[in-house]
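Q: Please take a close look at one part of this structure, the open sheet of five strands and the cavity whose lining shares a strand with that sheet, and then set the other described parts beside it.

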Amino acid sequence: MDAPNSIYGPPQMLPPPAGTFVDREELIKYVGEFALSQGYIVTIKQSKRDKVVVLGCDRGGVYRNRRKVVDESSEVQNTRQRKTCSRLTNCPFEAVGKKDEGLWVLTVRNGAHNHDPISNIAEHPSARRLSENEVLLIKEMTEAGLKPRQILKRLHQTNPTLRSTPKHVYNVKAKLRQGNTAVRNFRSLAPWTAALENNSQAVVEPGRQRNSLRVSNLIGGRFIDSQAFASIDVLNPATQEVVSRVPLTTDEEFKAAVFAAKRALPAWQSTPITTRQGIMFKFHELIQRDIDKLSIKITSEHGKVLKDAYDEVLKGLEVVEHACGLAVLHVGQFTPNVTRGVDTYSIREPLGVCAGICPYEFPTMIPLWMFSIAITCGNTFILRPSEKAPGASMMLAELAMEAGVPNGVLNIVHGTNDIITAICDHEDIKAISFVGSTAAGALVHSRASAHRKRVQTNTSMKNIAVVMPDADRDATLNALVAFGFGSGGHKCISISTAVFIGGFGPWEDKLLERVRQVKLNAGTEVESELGPLISKQAKDQICQLVQRSIEDGARLVVDGRLVAVAGYNEGNFMGPTIISDVTVNMECYKEEIPGPVLLCMQANSVDVAINIINENKYITGASIFTASGLTARKFQSEVEVGQVGVNVPVSDPLPFTSYFGSRPSFAGEVNVDGKAGMVHFYTQVKRVTQQWNTIHNTTTDRGILGP
């Protein structure tokens with residue numbers, strides 16, 4: 001039965017969807033590959049190379065019966081008739097690409113055709129293109145003095161499909177005379193381009209973004225220099241040297257990145273998850289290979305010492321390791337015979353195009369939190385790194401492509417508020433993961449939710465340590481120093497406040513002794529334990545909070561604001577700072593302090609300390625240091641936070657465990673880590689109910705299948 005043709009008519013040849021492309025060749029390739037999937041061939045009709053290209057349908061194959069009907073009553077006997085399946089005049093199809101603000105924008109002028117689709121596209125004369133190796137052979141034979149027909153005869157030995165005319169050879173020779181040995185136009189529309197292209201091997205231009213100070217965008221598998229005039233300087237916090245310049249990506253470039261991600265989605269989500277896991281295994285191996293380079297890049301842009309940078313990459317590797325075993329968590333559920341002969345099951349499918357917005361605190365770990373899980377689940381991804389520390393993300397992107405992530409699966413765009421707004425508003429982006437400030441997180445959550453996107457936002461947070469009089473002195477002091485001042489105080493798990501039960505006095509001298517041993521220097525120095533802050537603005541903000549706390553009645557125990565580091569006079573250095581006699585009404589307690597500042601409070605009992613914690617809505621983690629199991633049990637039961645430590649600081653969890661609690665520092669669908677925050681966030685559930693037997697009890701089935 002010819003249902004498709006008799007009911008719906010012959011197959012319809014669709015025009016390619018409009019889009020935005022980074023260059024002319026990418027546009028031509030896109031139109032050509034789409035045309036091949038529809039059964040027609042396009043060629044360049046007209047081209048002003050730097051401004052416009054017009055693509056038309058190169059007709060061929062079997063055409064409709066265009067024989068004219070002759071009226072028998074007509075006296076005209078010599079009416080000219082067109083033979084069946086003869087060529088028609090020009091096909092009206094036209095696609096136009098115009099260059100606009102550095103990008104090529106595709107529109108369809110006329111998407112109609114006046115012929116049938118080609119059943120076997122490889123039989124079309126225009127499909128018989130020369131490969132790049134054949135072009136090089138033509139060049140060699142031409143230089144040797146061979147004539148075109150002699151060249152063609154030799155080429156026939158390896159490629160019998162070439163036409164018996166030297167037309168192609170003449171065209172290639174013309175290209176060679178112009179110095180174009182790559183002849184990209186000859187390859188871009190070949191029918192085997194889409195079929196034989198190895199999608200698991202990305203076309204990489206290694207190290208392109210390192211050739212100049214200006215950081216590139218990654219769009220559709222290529223590192224593209226932004227056409228934006230405005231840029232932001234990335235400074236080395238220890239020297240104020242310009243490390244790189246981050247462009248404020250244009251709106252058209254952002255749309256091109258989303259279009260590339262959307263275009264890559266069908267092939268990537270249909271790729272077996274075991275294949276995607278295999279790419280993650282290779283990605284993990286490459287990160288381990290280049291972990292020293294990544295650490296140096298982090299230190300040069302962020303300022304944290306090399307050891308902290310190295311540890312950060314290791315934490316990111318834990319997430320990649322988790323992605324390598326994601327198939328176990330990607331399974332659905334199956335329930336057989338829910339009613340007579342009926343089975344039901346659920347499957348997990350990717351959401352589509354997802355996006356991540358990252359802060360500067362962890363330039364490697366947080367991007368790996370996001371895109372390594374998202375793409376392993378079958379999504380494509382748009383990453384916006386921090387404009388203050390973009391280098392590590394670009395290095396990760398190169399490694400991901402080297403591992404085999406296909407073109408368009410991972411894209412990177414740079415910018416600030418405009419790009420964040422565009423990510424929230426774009427209809428093709430289905431989910432957003434955000435880590436950053438409270439104000440920005442509130443904006444992202446409200447704006448993205450208004451566009452019905454899936455959102456998770458993780459914002460500013462504070463962690464408190466409660467110190468009981470019976471706590472182990474050495475272990476407690478080590479934890480306060482390491483997590484109070486480590487990584488420049490930029491850790492989201494840093495201890496910002498310590499509450500001493502019974503008073504701060506018995507601990508003060510020993511704490512000062514430990515703090516004076518902390519070695520402040522540039523992050524690249526071997527013995528450095530504390531590096532500079534990321535910017536002068538960050539240091540000024542912290543110094544202002546410290547000054548206001550003193551004015552409010554707090555006591556400055558250790559002042560690190562005026563430290564000097566030999567050889568790095570221009571660095572944003574701030575030494576360990578301790579403020580005591582802090583109360584809950586002071587601004588320094590209410591605000592997050594992203595720097596090496598430890599606030600010291602006092603309380604008469606553990607009950608008072610628990611109340612202090614529970615009344616601060618921004619506290620997400622709390623620890624207690626004590627030798628009493630009863631006190632620890634009371635603390636962990638009554639404190640209202642998502643992360644609790646007993647004789648240990650609040651620590652980063654493993655990827656398969658949940659991290660954030662339900663405080664205002666988190667908003668959205670699910671948390672970041674754990675099965676819910678990773679697999680569930682980046683996938684959606686589809687339920688299928690099926691029945692295969694033909695005889696069933698309609699009364700029994702009515703409850704499942706309906707009346």
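A: What follows goes through the sheet, then the cavity, and then some further elements.

The model is a predicted one, and the values below are computed from it. In the sheet of five strands, which is open, the order is E1-E5-E4-E3-E2, and the pairing is antiparallel. The edges are formed by E1 and by strand E2, residues 41–48, each of which pairs on one side only. From one strand to its neighbour the turn averages 25°, with direction ignored.

At the E2 edge, the pairing can be followed residue by residue. Strand E3 covers residues 52–58 and is joined to E2 by seven bridges in the antiparallel sense. E2 and E3 make a hairpin, with three residues between them. Within this pairing, Ile41 has Asp58 of E3 as its bridge partner, while Thr43 lies opposite Gly56 of E3. In a regular strand, side chains alternate between the two faces of the sheet.

The other edge strand, E1, leads to the cavity. The search of the whole structure finds five cavities of 30 Å³ or more, and the second largest of them has a volume of about 80 Å³. Its lining is made up of Thr20, Phe21, Val22, Glu26, Ile219, Gly220, Arg222, Ala256, Phe259, Ala260 and Arg263. Two elements give two or more residues to this lining, namely strand E1 (19–21) and helix H8 (251–269). H8 supplies the largest share, with four residues. By character, the lining of the second largest cavity comprises six nonpolar, two polar and three charged residues.

A further open sheet, of three strands, has the order E10-E11-E25 and is likewise described by antiparallel pairing. Strand E10 (333–339) and strand E25 (683–691) each have a single partner strand, so one side of each is without a neighbour in the sheet. The twist of this sheet averages 25° from one strand to the next. E10 and strand E11, residues 342–350, run antiparallel and are joined by four bridges, and Gln333 is found opposite Ser346 of E11.

Helix H12, residues 365–376, can be checked both for its length and for its surroundings. At 1.5 Å a residue, its 12 residues should span 16 Å, and its end C-alpha atoms are 16 Å apart, so the two values agree. Because 12 of the 12 residues of H12 are buried, this helix is largely enclosed by the rest of the structure. The buried residues of H12 include Met365, Pro367, Trp369 and Phe371, and among them are also Ser372 and Thr376. H12 is followed by Gly378, which has a positive phi, near 105°.

Lys539, finally, belongs to helix H18, residues 536–551. Its relative accessibility is 16%, and because buried means under 20%, Lys539 counts as buried. Along the chain, Lys539 and Arg561 are 22 residues apart, and their C-alpha atoms are separated by 8.4 Å.

To return to the part that was asked about, E1 is an edge strand of the sheet of five strands, and E1 is also one of the elements that give two or more residues to the lining of the second largest cavity.

Technical notes
Residues numbered from 1 in each chain as written. Predicted model: local features only at pLDDT ≥ 70, side-chain atom pairs only at ≥ 80, totals over all residues. Heavy atoms only, no water. Pairing = 2+ DSSP bridges. Axes fitted to C-alpha atoms, helices over the stretch in contact; angles between N-to-C directions. 1 Å grid on protein atoms, 1.4 Å probe; cavity = no way out; pocket = protein on both sides within 12 Å on 5 of 7 lines; lining within 4 Å. Points joined across faces, edges and corners; volume = space filled by probe spheres on them. Nonpolar A, V, L, I, M, F, W, Y, C, P; charged D, E, K, R; others polar. Expected span 1.5 Å × (residues − 1). Buried < 20%, exposed > 50% of the residue type's maximum accessible area, 1.4 Å probe, protein only.
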